[in-house]
Amino acid sequence: MAAASGGGPHTPSVRIAPIDLAARVDEALAVQAVAFGLGPDEIEVRRHIVLRHLDHPRARALGAMTPAGLVGFVYGMPNERAHWWSTVVEPYLRATGSAHWLDDSFVITELHVHPEFQNRGIGRTLITTVTDAVDQPRSILSAIDTESPARGLYRSLGYQDLARQVLFPSAPKPYAVMGAPLPLLRRARD
């Protein structure tokens, strides 16, 4: 278990711990909806995807919790080339000479923190805690291909662009695939 907090005296403490994401999927997707701007139809589609991912025997999920409830979550699993995500990104990675990143990697499937709790180190604690517990030597993920606080966080952890302008079916914006050796980089005060 890890702790993350920040801000002033009115900032509730946040506890990072493993969660049964299948049991809390609706609560997690409510956080994702606010953080990622998703509508009800998109949430319903993602609900089925999350539950299917959690059937993977080595999927890991952590939650960021306050006394009022879940304010962030991360989950991922060892990557497999047969997974849908891998089949979409593989041609882009092959084009940049980075297809080997699909092997022996832990993929961060989702990482979201409620906007009211962002910029407090919660996302950093979630992703470093989940990846510290895996056996793979590296991690991969995809993020919207814009200069954003999320991409800045990933870069500060050691993730580098492996492929950009990756188009997922029905996604309105292109993504970047990023990879980092594990363990992830830490800031001096971590």
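**View 1. Ser170 in the loop between β7 and β8 of the predicted model.** With a relative accessibility of 78%, Ser170 counts as exposed, because this value is over the 50% cut-off. Its phi angle is near 70 degrees, a positive value in a residue other than glycine.

**View 2. Gln165 in strand β7.** The strand comprises residues 160-166. Gln165 also has a positive phi although not a glycine, here near 60 degrees. Its relative accessibility is 46%, so Gln165 counts as partly exposed.

**View 3. The cis peptide bond between Leu182 and Pro183.** Omega for the bond from Leu182 to Pro183 is near 0 degrees. Pro183 belongs to the segment that follows β8 (175-181).

**View 4. Packing of helix α1 against helix α2.** Helix α1 spans residues 25-36 and helix α2 residues 40-53; their axes come within 10 Å and cross at roughly 130 degrees. The arrangement of α1 relative to α2 is therefore oblique. The crossing of α1 past α2 is right-handed. On the α1 side, the contact is formed by Val25, Asp26, Leu29, Gln32, Ala33 and Phe36. Helix α2 contributes Ile43, Arg46, Arg47, Val50 and Leu51. By class, the residues of this contact comprise seven nonpolar, one polar and three charged.

**View 5. The span annotated as an N-acetyltransferase domain.** The annotation comes from an unreviewed UniProt entry and covers residues 41-183. Within this span, helix accounts for 31% and strand for 33%. The C-alpha atoms at the two ends of residues 41-183 are 36 Å apart.

How values were computed:
Residues are numbered from 1 along each chain as its sequence is written. This is a predicted model: local features need pLDDT of at least 70, side-chain atom pairs count only at pLDDT 80 or more; totals for chains, interfaces and linings use all residues. Side-chain values use heavy atoms; hydrogens and water are left out. Axes are lines fitted to C-alpha atoms, for helices over the stretch in contact, and angles run from 0 to 180 degrees between N-to-C directions. Helices (H or I, at least four residues) and strands (E, at least two) are DSSP runs, numbered from the N terminus. Angles under 35 degrees count as roughly parallel, over 145 as roughly antiparallel, 65 to 115 as roughly perpendicular and the rest as oblique. A crossing is left-handed if the near helix is turned anticlockwise from the far one by less than a right angle, and right-handed if clockwise. Contact means heavy atoms within 4.5 Å. Ala, Val, Leu, Ile, Met, Phe, Trp, Tyr, Cys and Pro count as nonpolar, Asp, Glu, Lys and Arg as charged, and the others, Gly among them, as polar. UniProt positions are given in the numbering used here, feature names are shortened, and annotations may be inferred rather than shown by experiment. Buried means under 20% relative accessible area, exposed over 50%, partly exposed in between (1.4 Å probe, protein chains only).
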